[in-house]
Amino acid sequence: MHWRANLLMLRSPQAIVGFLLLSLWPLAFLLAALWLIGFLGGRGGAPHPLLGGQPLGIAAGVATLVGFLFLQHIAFSIALVRTYAPCVRKAIRESGVPICLGCGQLLHAPDAASCPECGIASDAKDASGGPNRR
Ligand SMILES: [Zn+2]
């Protein structure tokens, strides 16, 4: 199931680009923050703000790292839900389980025109026509 979902996602350039954009933007924040505290922009002979051992520099470095990890975690979660989850739902559907592609709700009445949970038009008929087609 996992592999199927991965394959489905790899076949969709839109999902890949979306995933990268959604999950990598905190890197821009990290680089900007590092640049701001002088990590990347050399300041002549000034002591390094982090390696110089000044408490403020160390605090700024730690705060930046924690902030980055926090943002990265959130961004990654959002990216997974937005781009990967639909592929997982599709893979589950293709294995014969009639679930909604929009929200993952199990469709007890596959003939219903739309999902009772999220209202997305359901085309579950074709996928749930028979038991496990592989
Ligand atoms: Zn739904």
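## Helix packing and confidence in a predicted four-helix chain

Over residues 124-134, pLDDT (the predictor's confidence in each residue, from 0 to 100) stays under 50, and the model has 15 contacts beyond four places in sequence for this stretch. Two residues are in contact if their C-beta atoms, placed from the backbone, lie within 7 Å. Where pLDDT is low, the predicted coordinates should not be read in detail.

This is a predicted model, in which local features need pLDDT of at least 70 and side-chain atom pairs count only at pLDDT 80 or more, while totals for chains, interfaces and linings use all residues. Residues are numbered from 1 along each chain as its sequence is written.

The mean pLDDT of the chain is 78, with 75% of its residues at 70 or more. Confidence is highest in helix 3, at a mean of 87, and lowest in helix 4 (residues 124-127), at 44.

The chain has 4 helices and 0 strands, in the order α-α-α-α along the sequence. Helices (H or I, at least four residues) and strands (E, at least two) are DSSP runs, numbered from the N terminus. Of the 134 residues, 11% are buried, a class that requires 20 or more other C-beta atoms within 10 Å of a residue's own. Among contacts with a separation of 6 or more, 48% come from residues 24 or more positions apart.

Two helix pairs are described below. Axes are lines fitted to C-alpha atoms, for helices over the stretch in contact, and angles run from 0 to 180 degrees between N-to-C directions.

| Pair | Axis angle | Axis distance |
|---|---|---|
| Helix 2 (residues 13-36) and helix 3 (residues 55-94) | roughly 175° | within 8 Å |
| Helix 1 (residues 2-10) and helix 3 | about 120° | 8 Å |

Helix 2 and helix 3 are therefore roughly antiparallel, the term for angles over 145 degrees. Their contact includes F19, L22, W25 and F29 of helix 2, and F68, L71, F76 and R82 of helix 3. By class, this contact has 17 nonpolar, 5 polar and 1 charged residues. Ala, Val, Leu, Ile, Met, Phe, Trp, Tyr, Cys and Pro count as nonpolar, Asp, Glu, Lys and Arg as charged, and the others, Gly among them, as polar.

Helix 1 and helix 3 are therefore oblique, a class left for angles that are not under 35, over 145 or from 65 to 115 degrees. In this pair, R4, A5, L8 and M9 of helix 1 meet T83, Y84, C87, V88, K90, A91 and E94 of helix 3. The contact has 7 nonpolar, 1 polar and 3 charged residues.

Methods: Buried ≥ 20, exposed ≤ 12 C-beta atoms within 10 Å, placed from the backbone.
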